[in-house]
Amino acid sequence: MHTTLTQPCRAGNRSEIPDFLLFTTDNCFFCINLHNIRPNTHAMNETTEITTDEYHIGYIRYFTLLCSEIIRDWWNVALLLAAALTIAACYDLRYGIVLLLVVFVIIPMLLFFVFYHYALLPECLYSVTPKSLVIDKQGIDCMAYETRRHILKWSDVKRMTTTREACLLYTGRYTFFYLPYEAFATPAERQRFFDEMVPAALRIPDDKQPE
């Protein structure tokens, strides 16, 4: 059996796009209406990726954000302790010595511990490493030093917050991956990230996404 594609046909002069394709065989012919063909946008979206420009942030910027998170949760405890030691020092100067030890010895040691504890976590390491990112609906891959590594799954993201400069993806209470807006090549890609990738990260069903 031989099949032949004939000249595309138009039903009228409405456009330059053909309306029909005619296929003929030895014994019959059939017609395909081109206007009934639609692309599989769902499959296209599943394979969509966003590749960012190369970027990195400094350790100081990352740990400033980290310390601000910790202080926001624990400032009342520190203030209560400082007030108690200050009042006690008014009656006994030895409590003043304890207050000085807390300020100049214990607090720096705690900051040192926090720095090295979080500096060794992947979220911190890949935030401050010079890199570009490949973002899809499975998670985030890091392209650094000519090596691609999968560093973050959306299923590991517990919450997300945004600032004026960046999006923070939290995998723990104080553990977050820093993704600045300036890493996106265009505003359109940044908008795609919020429209397509963020719902995947936060497990928002398609029917619950805002229009």
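In the hairpin formed by β6 and β7, 2 residues lie between the strands, and Y145 adopts a positive phi near 55 degrees. The model is a predicted one, and this backbone value, like every other value below, is computed from it. Strand β6 covers residues 139-144 and strand β7 covers residues 147-153; the two run antiparallel and are joined by 6 bridges. Within this pairing, D141 stands opposite H150 of β7.

A second hairpin joins β9 to β10, here through 5 residues. Strand β9 (residues 166-170) pairs with β10 in the antiparallel sense, over 5 bridges, and C167 stands opposite L179 in β10. Strand β10 (residues 176-180) has 5 of its 5 residues buried, so the rest of the structure largely encloses this strand. In a regular strand, side chains alternate between the two faces of the sheet. For β10, both faces are covered: F176, Y178 and P180 are buried on one side, while F177 and L179 are buried on the other.

The neighbouring topic is strand β8 (residues 159-162), which contains M160. With a relative accessibility of 22%, M160 counts as partly exposed, because the buried class is reserved for values under 20%. Leaving aside residues up to four places away in sequence, M160 touches C167, L168, L169, F194, V198 and L202. Among these contacts of M160 is C167, the residue that stands opposite L179 in β10. M160 and T171 are separated by 11 residues in sequence and by 9.1 Å in space, C-alpha to C-alpha.

Aromatic rings provide the next thread. A search of the whole structure finds 11 aromatic pairs. One of them is formed by Y170 and F176, whose centres are 5.4 Å apart with 50 degrees between the planes, a tilted arrangement. Y170 is buried, with a relative accessible area of 0%, and F176 is likewise buried, with a relative accessible area of 0%. The rings of F193 and F194 have centres 5.3 Å apart and planes at 80 degrees, so this pair is edge-to-face, the class that applies over 60 degrees. Of its two members, F193 is buried at a relative accessible area of 1%, whereas F194 counts as partly exposed at 24% relative accessibility. F194 is also one of the residues that M160 touches.

Ring pairs further link Y59, Y62, F63, F112, F115, Y116, Y170 and F176 into a cluster. Charged side chains also lie over aromatic rings. K131 is placed over the face of Y55, at 3.9 Å from the ring centre. The charged end of R190 sits over the ring of Y181, 3.9 Å from its centre.

Finally, helix α3 spans residues 93-119, a total of 27 residues. At 1.5 Å a residue this helix should span 39 Å, and its end C-alpha atoms are 38 Å apart, which agrees with that expectation. The helix α3 nevertheless bends by about 40 degrees at V102. V102 is also among the buried residues of α3, which are G96, V102, V114, Y118 and A119. What covers these buried residues includes α2 (59-91) and α4 (122-128).

Technical notes
Residues numbered from 1 in each chain as written. Predicted model: local features only at pLDDT ≥ 70, side-chain atom pairs only at ≥ 80, totals over all residues. Heavy atoms only, no water. Helix = DSSP H or I, 4+ residues; strand = E, 2+ residues; numbered from the N terminus. Buried < 20%, exposed > 50% of the residue type's maximum accessible area, 1.4 Å probe, protein only. Contact = heavy atoms within 4.5 Å. Expected span 1.5 Å × (residues − 1). Bend = angle between axes of the 7 residues up to and from the residue. Phe/Tyr/Trp six-rings, centres within 6.5 Å; stacked < 30°, edge-to-face > 60°. Lys NZ or Arg CZ within 6 Å of the ring centre and 35° of its normal. Pairing = 2+ DSSP bridges.
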